[in-house]
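Q: Could you take me through one part of this protein up close? I would like to see how the start of the chain is put together and what sits around it.

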Amino acid sequence: MKRIIETERLIICEAQIEDSKFFKKLLNSPNWIEFIGDRGVRTDKQAVKYIKSSLIDSYNENGYGLYKMCLKKSSTPIGICGFVKRDYLDNPDIGFAILPEHEGKGYTTEACMATMTYGKSELKLSPILGITTQKNSKSRHLLSKIGLQETGKITPKGGNEELLLFST
């Protein structure tokens, strides 16, 4: 497990194939399905494929990606936080998600603040973007809280939903 960031309560590290059960659970959580979208990951085998193609490939190709967020005390994975390079954005955007049982405890804010610092200082990302839907008020609030400002709207190529665009 390659550690990327350590905070007061969290360890943020690269995802591994062995995390398939956690990712299967996260990708099928209600908020993921509603706000990020159904990825069709229903089996451990499909979760392994997701980890390889969406996460590990990004680490190798971009030097960053979405990282696993774990509780420091127990090493229990509770969510993800990191950067995504999308073909319809000029710069990487910060992405995050957390299991429902860990919402409302400040973990995602803690992870995003540390990830933003890492992105700016270590990865030299500038600007850092954020995207979310109009109806995702929690994500809009968090993006503002970590220093991003709403700058406009964007509809991804082939997409049917307009997204709010945020930037540092």
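A: Happy to. In this predicted model, strand E1 (residues 3-6) pairs with strand E2 (residues 10-13) in the antiparallel sense, and three bridges hold the pairing. The link between E1 and E2 is a hairpin of three residues. If you want a point to fix your eye on, look at Ile5, which stands opposite Ile12 in E2.

From Ile12 you can step across to a lysine, since Ile12 is among the residues that Lys68 touches. Lys68 belongs to strand E3 (residues 66-71). Is Lys68 buried or exposed? Its relative accessibility is 5%, so Lys68 counts as buried, the cut-off for that being under 20%.

Now look at what surrounds this lysine. Leaving aside residues up to four places away in sequence, Lys68 touches Ile11, Ile12 and Cys13, among others. Its contacts also include Met1, Glu14, Gln16 and Phe22, as well as Pro77, Gly79 and Ile80. Asp19 is another of the residues touched by Lys68, and here the side chains of the two are joined by a polar contact of 2.9 Å.

So a good route on your screen is this: begin at the E1 and E2 hairpin, go from Ile5 to Ile12 opposite, cross to Lys68 in E3, and finish at the polar contact between Lys68 and Asp19.

Definitions and conventions:
Residues numbered from 1 in each chain as written. Predicted model: local features only at pLDDT ≥ 70, side-chain atom pairs only at ≥ 80, totals over all residues. Heavy atoms only, no water. Pairing = 2+ DSSP bridges. Helix = DSSP H or I, 4+ residues; strand = E, 2+ residues; numbered from the N terminus. Buried < 20%, exposed > 50% of the residue type's maximum accessible area, 1.4 Å probe, protein only. Polar contact = N/O pair within 3.5 Å; in protein donor to acceptor, adjacent residues only side chain to side chain. Contact = heavy atoms within 4.5 Å.
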